[in-house]
Amino acid sequence: MSPEMLTLFMFGGLLIGLFMGHPLAFVLGGIAVMGAWLGPGAKILGSLINNIYGNAMDNYVLVAIPLFILMARFLNDSGVTEKMFEAMRLLLGNLRGGLALTVVLVSVLLAATTGIVGASIAVMGMIALVPMLKYGYNKELSTGVIMASGCLGILIPPSIMLILMASYSPVSVGALFAGALVPGLLLGVMYALYVLIICHVKPSYGPLVPAEERAETSTRELLIMLAKYVLPPMSLILGVLGALFTGIATATEASAIGVTIAFLLFLIFGDRKVSTCYRTLIDASKTTTMVMLVLVGATAFTGVFSRGGGMQVIHDLVMAMPGGTTGALILMLFLVFILGMFLDWTGIVLLSFPIMLPIVENMGIDVLWFVVMVAVVLQTSFLTPPFGYALFYLKGVAPKGVEIVDLYKAVIPFCALIVLACVLMAFFPALVTGLPSLLIGY
C-alpha cells in the first residue's frame, strides 16, 4: 500500500472506529495492527512493542500524571470546592453577573489545583448552574461560562496535558508550565471581561444577588470564609508551582508535594472515611489507566504511520501550503481544531506531536510557543460538537430545561475568545516566552 493510501486508511479508519463508539485506545491500537499488515508489514510489530515499553512507557516524567490525578481526586473529595464557591459568590454579589464571574474565578483556582476538566465542570454544574438559573441568569451565558472556564484545567499548570506534551517534545515541564501560565490566565481574564460586558449591555443576563441574602452574612463572617476556604487551595497552587519554578523540585517531585498537601486538605475538610479514601484511589487509578492505554495505542499508531511513509505525506502537504511558514502554521493549528471535534486531547497530542514537531523545528519556529498555541487551541476540543466532552459533562448534571442545543449555542462566543487569544499570542509571542525567560532562563 502506498504512503498516501495508508494515510487515508489509518485516519479514515480512526474516524469510523470513533463514530461506531469504540474506545479511543483500542481503535488506535487496532488500526495500527491493520495498518502494519497493509503497509510496512507485520515484521515491524516487534519493534513497535520495544518502542512502547522501552521508550514511551519508560519516560520518568509520566510518573507525575498519576500523582497529579490523585491530587485532583483528593481535593475534589475534600468538599472545599463547594465552600470556596459560596464564599466567592457572596464576595461578588454586588456585581452584575457576579455569579458568572464567581464561576470564572473559582474555575481558575480549580484549574490550578486539579487540572481535570470533568471534575471542574461537574462541580460547577452541580453547585452553580441551579442558583444562576434560579436568580434569572441567561441560560446560554450560565452554561457557556461553566463549560469554558472548566476547560482551563488542561491549560493552567499544573496540568497532566502539559506534562504529556513535555514528554513528547524537547521542551521541559518547567518551561511549558511557565509558558502556559500567562495564556491560561489571559483566557480567564477574557472570560471574566466578557461576562462583565455582556451583563452591562444586557442587565437581564446577570442580575444582582438579592440584598437580603447578602445581608445574612456579615463582613467578618465573609472574611473568615475566604481565609478558611480560599487560602488552602492557594497554598496548594503555591506549593506545587513554587517548588517547580524555583528549581527546588522536578515535575514528578512537585506532583508528590501536591498530593501531600491535597491529602492534608482532605483530612481537614473531608469526611476522613476509609471508604472515601479507597474510592478516591480507585477513581484515580481508573483515570491513570485510561491515559496510559491511550498512550500505548497512540504510540503504536504513530509508529506504523511513520514507518509506512505517512509522516512524509503530511510533511509534504504542510510545506505545500501557500503562505510559507504562516500558512503551514495555520494549517497545523486548524487540523488540531478539527481533530478536537472528534478526539480528546490525549489522542490529539499523541497523534499530532510526532508529526508536527519535526516540521516546526525544521521551519525554525520556537517549539515552546507552538506547543502552547496547540494547548490553547485544544481548549476548543472540549467545547466543539459533535464530541465536545464539556457538553456532555454539563448535560449530565444540568437540571431539566437545559437542552443540548442550548449548550451548542452557549459555547460559540467562548470559542471565539479562544481564537482571539491565539491571535494575540501570534502577534505577541512574549505572552508565552516571557515568563519562562524570566523564571528559568528559557
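# Notebook: rings, bridges and a surface patch

**Entry 1. Ring cluster.** I looked first at a cluster in which ring pairs link Phe 74, Phe 263 and Phe 266. I note here that the model is predicted. Phe 263 and Phe 266 both sit in helix H14, residues 251-269. They are three residues apart, about one turn of the helix. I then looked up how well each is covered. Phe 263 counts as partly exposed, because its relative accessibility is 30%. Phe 266 has a relative accessible area of 2%, so I log Phe 266 as buried.

**Entry 2. Aromatic pairs.** How many aromatic pairs does the structure hold? I find six. One of them joins Tyr 191 and Phe 414 in an edge-to-face arrangement. The ring centres are 5.4 Å apart, and the planes make an angle of 75°. This pair links distant parts of the chain. Tyr 191 belongs to helix H10 (residues 173-201) and Phe 414 to helix H22 (residues 412-427), 223 residues apart. Are these two rings buried or exposed? Tyr 191 is at 0% relative accessibility, so Tyr 191 counts as buried. Phe 414 is at 1% and therefore counts as buried too. Back in H14, I checked the geometry of Phe 263 and Phe 266. That pair is stacked, with 6.4 Å from centre to centre and 25° between the planes.

**Entry 3. Salt bridges.** I counted salt bridges next and got two. In one, Asp 406 meets Lys 139, with 3.5 Å between the closest N and O atoms. Which parts of the chain does this pair link? Asp 406 is in helix H21 (residues 404-410), and Lys 139 is in helix H8 (residues 139-150). The two are 267 residues apart, and the pair links distant parts of the chain. I looked up the cover on both partners. Asp 406 has 11% relative accessibility, so Asp 406 counts as buried. Lys 139 has a relative accessible area of 28% and is therefore partly exposed.

The side chains of Glu 140 and Lys 409 form a salt bridge as well, at 3.9 Å from N to O. Glu 140 lies in helix H8 and Lys 409 in helix H21, so this bridge ties together parts that are 269 residues apart in sequence. Glu 140 is partly exposed, with a relative accessible area of 24%. Lys 409 is also partly exposed, and its relative accessible area is 46%.

**Entry 4. Helix H2.** I compared the span of H2 with expectation. At 1.5 Å a residue, its 15 residues should span 21 Å. The end C-alpha atoms are 21 Å apart, so span and expectation agree. Which residues of H2 are buried? I list Leu 24, Ala 25, Val 27, Leu 28, Ile 31, Ala 32, Gly 35 and Ala 36. Why do I put them on the same side of H2? They cover an arc of only 165° around the axis, so they share a side. Phe 26 and Trp 37 are exposed on the other side of H2.

**Entry 5. Nonpolar patch.** Trp 37 came up again when I turned to the surface. Met 1, Met 5, Leu 8, Val 33, Trp 37 and Leu 38 make a nonpolar patch of about 650 Å². Helix H1 (3-19) and helix H2 (24-38) each supply at least two of the patch residues. Which helix gives the most? H2 does, with three residues. Met 1 is placed in the segment before H1. Its relative accessible area is 46%, so Met 1 is partly exposed.

**Entry 6. Helix H17.** I ran the span check on H17, residues 324-339. This helix has 16 residues and reaches 23 Å from first C-alpha to last. That is close to the 22 Å expected at 1.5 Å a residue. Its buried residues are Gly 327, Ala 328, Leu 329, Leu 331, Met 332, Leu 333, Val 336 and Leu 339.

**Entry 7. Asp 316.** Last, I looked up Asp 316, which is in helix H16, residues 310-319. Asp 316 counts as partly exposed, because its relative accessibility is 42%. I then checked its separation from Ile 359. The two are 43 residues apart in sequence and 9.8 Å apart in space, taken from C-alpha to C-alpha.

Conventions. Residues are numbered from 1 along each chain as its sequence is written. This is a predicted model: local features need pLDDT of at least 70, side-chain atom pairs count only at pLDDT 80 or more; totals for chains, interfaces and linings use all residues. Side-chain values use heavy atoms; hydrogens and water are left out. Patches are made of residues with over 30% relative accessible area and no salt bridge: like charges are joined within 9 Å, nonpolar side chains (Val, Leu, Ile, Met, Phe, Trp, Tyr) within 5 Å. Accessible areas come from the Shrake-Rupley method with a 1.4 Å probe; for residues, only the protein chains shown count as cover. A salt bridge is a side-chain nitrogen of Lys or Arg within 4 Å of a carboxyl oxygen of Asp or Glu. Helices (H or I, at least four residues) and strands (E, at least two) are DSSP runs, numbered from the N terminus. Buried means under 20% relative accessible area, exposed over 50%, partly exposed in between (1.4 Å probe, protein chains only). The expected span of a helix is 1.5 Å times one less than its number of residues. The arc is that of the directions from the helix axis to the C-beta atoms. Rings of Phe, Tyr and Trp (its six-membered ring) pair if their centres lie within 6.5 Å; planes under 30 degrees apart count as stacked, over 60 as edge-to-face and the rest as tilted.
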